[in-house]
Amino acid sequence: MKVTEVLGRTDYRLISELIPNGAKVLDLGCGDGALLEWLKVHKQVEARGVELKRELVQRAIARGVTVYQGNLEESLKDYPDKAFDYVILSQTLQETLQPLMVLQEMLRIGKHAIVAFPNFGHWRVRLSHLFSGRAPKTHLFPFDWYDSPNVHFLTVIDFEDLIRKQGWHVERRYFAAGHWAGEMAPNLFAEIAVYLFRPEP
Amino acid sequence: MIVETQFTLIPSLTLDVGETLKDVTVAYQTYGTLNADRMNAILIEHAFTGDAHAAGIDHEGKPGWWANMIGPGKAFDTDRYFVICSNVLGGCRGTTGPSSINPATGQPYGLKFPGITISDMVRLQKALIDALGIPKLLAVAGGSMGGMQVLEWAVAYPEAVEACLPIATTARHSAQQIAFNETGRQAIMADPDFHAGDYYYKTPPARGLSVARMVGHITYMSDESMREKFGRRLRDKKSFGYDFEVDFEVESYLRYRGSQFVGRFDANSYLYITKAMDYFDLSAGFPSLAASLERARSRFLVISFTSDWLYPSYQSQEMVNALRGRNHDVTYCELSSNYGHDAFLVDIGEQTEIVRGFLARCVREFRPLEVLR
């Protein structure tokens with residue numbers, strides 16, 4: 001069974017392909033634990049999650065996933081170095097207050113990091129901003145500016161730039177929009193970008 | 001179905017203070033059936049004034065103290081698990097304690113009973129589990145003082161427990177928690193009927209014990225739950241009496257709970273057990289709490305409650321962070337409740353759901369003893 005058939009999310013499908021059998025995985029902002037449960041069942045991973053929302057934590061526990069209820073930015077420091085093979089941050093980077101610290105901590109506690117984020121450079125976002133003259137509202141950014149959880153609006157170029165500056169090594173990158181996936185002008189066409197990277201080349 | 005309390009005799013138990021107790025009686029109850037491979041046993045740890053009667057109905061028709069969590073189809077599902085609960089060492093509900101007869105003198109121990117610790121209690125439970133022929137427990141679970149015993153199990157017998165569920169508890173008492181216990185102890189010892197603990201066959205120190213219980217009860221509730229339950233309502237009167245009799249509903253409630261307690265609990269047990277709680281410090285002898293938990297091999301489910309001010313969430317988070325620091329498999333959830341510390345006994349909806357899910361997973365992932373060795 002494909003992970004999208006269970007979870008219906010492109011980023012989850014990509015992430016599930018990147019993780020090998022039996023890996024130790026930490027999912028930051030793991031929600032109700034659906035991805036971790038899928039990885040446990042289909043890839044026999046040792047799964048851990050962090051989630052802030054109480055109801056989601058309860059659902060994750062009820063489905064047998066190990067999850068810590070807490071703020072992911074504050075909770076990272078407690079994990080020892082290289083405790084995990086993969087640390088996942090899916091569609092949450094834009095919500096963190098200190099994204100650089102989060103990414104650095106991910107690479108401290110994990111051998112590899114997987115980050116998926118919505119691309120603010122997508123043409124639909126650009127058009128929305130250009131024509132409405134207001135904070136963009138699209139299906140990826142459906143919130144009004146005043147109640148959006150997103151505090152950072154990064155693009156594929158921005159992320160590439162940061163990776164280069166930090167000297168991190170990209171192992172795989174994946175761009176997708178609906179059924180489209182490819183490398184062509186990703187900053188314009190990708191709605192979702194998924195990066196697998198590690199600290200050193 | 002009516003449950004019977006059973007008894008077993010442990011020939012000798014060496015205590016942390018260095019003394020050895022002979023012929024220690026342990027009172028316990030069991031629910032459900034131990035399966036053929038002996039991998040479905042769960043030990044339930046009672047809180048301070050609890051006893052072995054955790055589930056089902058006893059001869060007086062009273063339900064067990066955690067009957068809403070233990071039973072067929074409940075969180076600790078007795079159709080699937082073999083559940084054991086024993087009265088703690090130092091207790092007064094069947095297990096050897098200060099009110100038991102000292103074989104050396106033929107008189108009740110009273111204050112001659114040796115000082116006890118949480119680890120002594122757990123050592124006695126391990127002897128019981130061995131006597132029942134269970135090599136490894138599926139889980140050890142309990143709230144409050146029960147949670148301290150759970151933590152002690154995790155580090156004292158790491159190989160013998162698949163999963164630990166410390167609920168609404170702490171790895172060590174804070175000054176505030178010790179202060180409440182000391183207030184209770186002083187109330188008991190100030191009672192003119194206390195007679196240095198030698199009150200058996202005489203009038204028990206009922207007033208002191210009752211006051212101690214009243215203090216305890218206040219700490220178990222929350223500001224909100226007391227407001228909801230009593231407010232400032234008067235008890236059977238329209239105006240104040242100005243005579244120090246009961247005016248408010250809450251006064252009546254506390255007096256009732258205090259006097260009721262006197263009938264079922266021994267004042268000396270109160271002294272010994274509260275001291276055991278105050279002495280408890282999982283990190284004692286280690287550089288840090290995390291270092292003390294290094295030995296643990298269990299999976300953990302830690303639960304705290306938002307309105308619990310006696311064992312606040314920060315104490316649970318402290319142990320959870322220590323466990324995460326050693327990369328242990330720890331699940332943590334702070335449940336929402338208005339009931340204060342009592343929440344783990346009364347607010348069982350969400351607790352049931354997560355305990356059930358967690359246990360089901362521990363069954364699937366159970367590691368028999370030989371795998372760990």
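## Salt bridges, rings and the A–B interface

The side chains of B:Arg361 and B:Asp329 meet in a salt bridge, 2.6 Å from N to O (a salt bridge being a side-chain nitrogen of Lys or Arg within 4 Å of a carboxyl oxygen of Asp or Glu). B:Arg361 lies in helix 11 (residues 349-364) of chain B and B:Asp329 in the loop between helix 9 and strand 10 of chain B, so the pair ties together parts that are 32 residues apart in sequence. Helices (H or I, at least four residues) and strands (E, at least two) are DSSP runs, numbered from the N terminus. Both B:Arg361 and B:Asp329 are buried; that word means under 20% relative accessible area, with exposed over 50% and partly exposed in between (1.4 Å probe, protein chains only).

A word on the ground rules: this is a predicted model, where local features need pLDDT of at least 70 and side-chain atom pairs count only at pLDDT 80 or more, while totals for chains, interfaces and linings use all residues. Residues are numbered from 1 along each chain as its sequence is written, chains are lettered from A and ligands numbered from 1 in the order in which they are written, and side-chain values use heavy atoms, leaving out hydrogens and water.

Back to that pair: through shared partners, salt bridges join A:Lys40, B:Lys136, B:Glu162, B:Arg299, B:Asp329, B:Arg361, B:Glu365 and B:Arg367 into one network. Over all chains, the structure holds 39 salt bridges. Here are a few of them.

| Pair | Closest N to O |
|---|---|
| B:Arg361 and B:Asp329 | 2.6 Å |
| B:Asp130 and B:Lys126 | 2.9 Å |
| A:Asp78 and B:Arg324 | 3.2 Å |
| A:Arg54 and B:Glu334 | 3.5 Å |

Take B:Asp130 and B:Lys126: being four residues apart in helix 1 (residues 118-131) of chain B, they are separated by about one helical turn. B:Asp130 is partly exposed at 42% relative accessible area, whereas B:Lys126 is buried at 16%.

Now for the interface. Contact (heavy atoms within 4.5 Å) links 24 residues of chain B with 22 residues of chain A. The area buried between the two chains is about 1,900 Å², with carbon and sulfur atoms giving 47% of it; buried area is the accessible area (1.4 Å probe) that two parts lose on being put together, summed over both. On the chain B side, B:Arg324, B:Asn327 and B:Tyr332 lose the most area to chain A, together 34% of what that side buries.

How many salt bridges are there between chain B and chain A? The count is three. One of them pairs A:Asp78 with B:Arg324, and it runs from the loop between helix 5 and strand 4 of chain A to helix 9 (residues 313-325) of chain B. B:Arg324 is buried, with a relative accessible area of 2%.

On to the rings. A search of the whole structure turns up 29 aromatic pairs over all chains. Rings of Phe, Tyr and Trp (its six-membered ring) pair if their centres lie within 6.5 Å; planes under 30 degrees apart count as stacked, over 60 as edge-to-face and the rest as tilted. A:Tyr79 and A:Phe84 have ring centres 5.4 Å apart and planes at 75 degrees, so this pair is edge-to-face. A:Tyr79 counts as buried at 5% relative accessibility, and A:Phe84 is buried at 2%. Over in chain B, B:Phe261 and B:Phe265 are stacked, at 4.9 Å centre to centre and 15 degrees between the planes. B:Phe261 is buried at 1%.

B:Phe261 has another partner: the charged end of B:Arg213 sits over its ring, 4.3 Å from the centre. That takes NZ of Lys or CZ of Arg within 6 Å of the ring centre and within 35 degrees of the ring normal.

B:Arg213 lies in helix 4 (residues 206-220) of chain B and is buried, at 8% relative accessibility. UniProt, in an unreviewed entry, places the feature "binding site" at B:Arg213 and B:Asp342; its positions are given in the numbering used here, feature names are shortened, and annotations may be inferred rather than shown by experiment. The two sites span 130 residues in sequence, yet no two of their C-alpha atoms are more than 14.2 Å apart, so they gather at one spot. B:Asp342 sits in the loop between strand 10 (330-335) and helix 10 (343-346) of chain B. Leaving aside neighbours within four places in sequence, B:Asp342 is in contact with B:Tyr220 and B:Met221, and B:Tyr220 is also among the residues that B:Arg213 touches.
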